[in-house]
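Me: Please go through the aromatic contacts and one pocket of this model.

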Amino acid sequence: MTNNNKPKIHVVAAVIRNGFGKILLAQRLMKSSHLPGYWEFPGGKVEDGESAEQALVRELQEEISITATKITPLIKVPFSYPEKDVVLDVWEVDQYMGEVKPLEGQEISWVTLDCMREFQLPPADLPVVTALKLPDKYLITPEPAGNSEKQFLHQLELSLQEGVQLVQLRSKKLNTEELCAYAEKSKQVCHKYGAKILINSDIKVYRKCGLDGIHLNSEQLALSVKRENSSDLIAASCHSWDDLKMAEDAGVDFAMLSPVKQTATHPGAKPIGWDVFSQTVMQCVLPVFALGGLESKDIAESKRNGAQGVAAIRGLWISAK
């Protein structure tokens with residue numbers, strides 16, 4: 001039986017990096033009533049009358065003796081434990097004053113992102129690790145068919161030089177053999193810049209070409225897609241809360257929700273706007289990119305509305321110079 005009377009708690013948590021890029025984890029005291037001994041991102045409960053930002057500053061001062069001076073929203077994770085419901089409100093601490101010192105008798109450890117899952121983390125913290133591995137820009141390529149392969153790869157490289165680290169190769173016109181050829185060459189260009197490349201909806205090309213993952217369309221969410229490698233990413237296109245719930249249930253790593261604004265590629269699609277976007281992703285435990293009429297300048301606004309960042313074709317694809 002569902003317990004609808006469980007307390008609902010707003011919790012803030014901080015991602016703090018040292019000079020070597022390692023991230024701070026703190027161990028819950030063994031006397032804690034909830035998940036004793038687990039490792040977590042430092043933070044705590046938002047008190048009545050506090051904003052999330054105020055609570056984060058206070059908690060870090062009380063727990064580890066630092067004052068956060070610049071913070072950026074990362075992800076909000078709604079999670080239901082047997083005894084309570086929480087919204088884990090996670091922020092990246094870009095700047096702080098002071099020296100990290102555990103003030104409550106807790107153990108602390110500076111951990112590389114790749115080693116993060118070796119620690120016993122609370123279930124609500126696991127999507128945070130995924131969010132930390134994702135950039136804030138997700139490039140969707142324009143249709144390769146009908147264009148020069150050399151020009152396409154040149155423009156892809158220009159986009160990567162502008163800081164794109166996650167790419168979705170998308171084609172609705174190329175056959176499997178042609179798309180594989182583009183995928184192989186695009187993968188080489190992406191990996192040259194340390195970027196990951198996913199294929200849009202074509203499971204055969206994903207498996208054949210050894211890409212970094214696959215992006216499923218909304219009709220494919222019911223499929224059980226096996227990862228070729230444990231580090232591969234599976235993403236999904238979503239247009240509603242029902243789609244996002246299906247994506248969660250399918251075990252994907254992240255999603256896109258669209259369209260936020262009017263787009264040239266889908267002129268008949270009604271934009272959902274930032275308010276609906278924010279309300280929808282607040283219910284979702286996955287990192288979600290905002291898609292639809294967006295570009296790099298919209299990243300900050302997207303994050304304020306709960307997004308991982310922006311996904312775009314025209315907004316991130318660099319035209320040849």
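The turns below take up aromatic pairs and then a pocket.

Reply: This is a predicted model, in which local features need pLDDT of at least 70 and side-chain atom pairs count only at pLDDT 80 or more, while totals for chains, interfaces and linings use all residues. Residues are numbered from 1 along each chain as its sequence is written, and side-chain values use heavy atoms, with hydrogens and water left out.

Me: What class of aromatic pair do Tyr138 and Phe254 form?

Reply: Rings of Phe, Tyr and Trp (its six-membered ring) pair if their centres lie within 6.5 Å; planes under 30 degrees apart are stacked, over 60 edge-to-face and the rest tilted. For Tyr138 and Phe254 the centres are 5.3 Å apart and the planes meet at 80 degrees. The pair is therefore edge-to-face.

Me: How many residues apart in sequence are the parts that Tyr138 and Phe254 tie together?

Reply: Strands here are DSSP runs (E, at least two residues), numbered from the N terminus. Tyr138 lies in strand β8 (residues 137–140) and Phe254 in strand β13 (residues 254–257), so the parts tied together are separated in sequence by 116 residues.

Me: Is Phe254 buried or exposed?

Reply: Buried means under 20% relative accessible area, exposed over 50% and partly exposed in between (1.4 Å probe, protein chains only). Phe254 has 0% relative accessibility, so Phe254 counts as buried.

Me: Which residue forms one aromatic cluster with Tyr138 and Phe254?

Reply: Tyr138 and Phe254 already form a pair. The cluster that holds both also includes Phe289.

Definitions and conventions. Helices (H or I, at least four residues) and strands (E, at least two) are DSSP runs, numbered from the N terminus.
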